[in-house]
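Colleague: I would like a close look at one helix and the surface patch it takes part in. Please go through it step by step, and add a few other places for contrast.

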Amino acid sequence: MTQNTGEKTSVTLLGLGAMGTALARAWLAAGHPLTVWNRTPARAAALSAEGAAVADSAAAAVAANALVVVCLLDDASVEETLAGTDLAGRDVVNLTTSTPAQARVRAEWATSRGARYLDGGIMAVPPMVGVPEAGGYVFYSGSRALFERHRETLGVPVGTTYVGEDAGFAALHDVALLSAMYGMFAGAAHAFALIRGEDIDPASLAPLLADWLVAMAPAVHQTAEQLRSGDYTKGVVSNLAMQVAGTPTFLSTAEQQGVSPELLTPYFALMRRRLAEGSGEEDLTGVIDLLVR
């Protein structure tokens with residue numbers, strides 16, 4: 001095993017897809033000795049020319065350094081790739097997208113083989129890696145001591161945010177934020193669909209839409225406070241009854257514009273159900289309780 005004799009921690013990276021390659025280049029640019037492995041060896045050629053050592057097997061790559069970062073397709077590929085390796089004494093940081101349950105099982109699996117384990121959820125796309133001003137970061141969960149040991153090295157490609165000892169929390173935070181993102185994309189898609197048949201330039205709507213979404217975003221803080229206190233009527237500006245009463249206008253407008261309401265109707269149905277079961281003076285926060293099984 002190669003020991004870190006200089007100021008820069010040596011890193012092994014398994015997986016050279018678009019994200020893995022971006023991570024590799026960031027570590028190389030920062031002067032970290034890097035050993036890489038990829039199932040398709042040709043993907044490592046460019047990194048070899050840039051200074052990376054290319055291992056001929058995953059086992060050889062794992063043996064090269066104490067810090068082993070994994071960035072593969074899915075959880076199954078992680079188990080398959082690491083199955084024939086000696087993980088004893090290694091610090092395994094798994095940046096492969098997974099579910100919280102998969103992350104917890106993988107943590108136990110790695111620990112049973114003598115490794116220390118961190119799970120990560122990447123909140124960035126490859127062009128954001130190595131560009132601090134882009135704002136990308138990775139959620140980390142698992143051993144806090146292990147996170148602190150490698151915080152500086154892990155923070156080279158993108159920022160770091162530690163979210164807890166539970167190995168599943170990084171994946172949970174990752175999916176929670178991305179779920180909200182898709183909800184936002186759904187709303188934006190409906191907004192653009194409404195003007196699609198009109199003499200309105202989508203480029204003129206875009207800044208208005210972006211500014212409106214930014215203005216609405218801080219409402220999540222009130223939602224969080226209401227969930228913590230259990231008082232869903234605290235600080236309400238537009239109560240549930242008022243908002244439910246307004247939903248027919250949205251549905252009628254969609255119909256008149258020839259737009260399917262399918263992105264709106266599930267949420268509106270939850271709003272009506274909460275109104276029937278709860279108080280019209282509440283905020284929209286009660287919908288969350290309907291989603292939890």
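Modeller: What follows starts with helix 7, moves to the nonpolar patch, and ends with two other sites.

The model is predicted, and that applies to every value below. Helix 7 runs over residues 169–195. How far apart are the end C-alpha atoms of helix 7? They are 40 Å apart. At 1.5 Å a residue, the 27 residues should span 39 Å, so the two values agree.

One set of residues in this helix is buried: Ala170, Ala171, Asp174, Ala188, His190, Ala191 and Ile195. Against what do the buried residues of helix 7 pack? Their partners are three helices and two strands: helix 5 (100–112), helix 8 and helix 10 (240–256), together with strand 6 (116–123) and strand 7 (137–142).

Helix 7 also contributes to the surface. A nonpolar patch of about 700 Å² is formed there by Leu178, Tyr182, Met184, Phe185, Trp212, Leu213 and Met216. Helix 7 gives the most to this patch, namely 4 residues. Helix 8, residues 202–216, also supplies at least two. Helix 8 therefore appears twice in this account, as a packing partner for buried residues of helix 7 and as a contributor to the patch.

Tyr182 is one of the patch residues and belongs to helix 7. Is tyrosine 182 buried or exposed? Its relative accessibility is 55%, and because exposed means over 50%, tyrosine 182 counts as exposed.

For contrast, take leucine 67, in strand 4 (residues 67–70). Leucine 67 has a relative accessible area of 1%, so it is buried. Setting aside residues up to four places away in sequence, leucine 67 touches Thr9, Ser10, Val11, Thr12, Asp91, Val93, His150 and Thr153. Between leucine 67 and arginine 90 there are 6.2 Å in space, C-alpha to C-alpha, although they are 23 residues apart in sequence.

The last site is asparagine 239, in the loop between helix 9 (219–229) and helix 10. Helix 10 is also among the elements against which the buried residues of helix 7 pack. With 14% relative accessibility, asparagine 239 counts as buried, since the cut-off is under 20%. A polar atom of the asparagine 239 side chain lies 3.2 Å from the backbone nitrogen of alanine 241. Apart from neighbours within four places in sequence, asparagine 239 is in contact with Gly280, Glu281 and Glu282.

Note on methods: Residues are numbered from 1 along each chain as its sequence is written. This is a predicted model: local features need pLDDT of at least 70, side-chain atom pairs count only at pLDDT 80 or more; totals for chains, interfaces and linings use all residues. Side-chain values use heavy atoms; hydrogens and water are left out. Buried means under 20% relative accessible area, exposed over 50%, partly exposed in between (1.4 Å probe, protein chains only). Contact means heavy atoms within 4.5 Å. Patches are made of residues with over 30% relative accessible area and no salt bridge: like charges are joined within 9 Å, nonpolar side chains (Val, Leu, Ile, Met, Phe, Trp, Tyr) within 5 Å. Accessible areas come from the Shrake-Rupley method with a 1.4 Å probe; for residues, only the protein chains shown count as cover. A salt bridge is a side-chain nitrogen of Lys or Arg within 4 Å of a carboxyl oxygen of Asp or Glu. The expected span of a helix is 1.5 Å times one less than its number of residues. A polar contact is a pair of N or O atoms within 3.5 Å; within protein, one must be able to donate a hydrogen and the other to accept it, and residues adjacent in sequence count only if both atoms are side-chain atoms.
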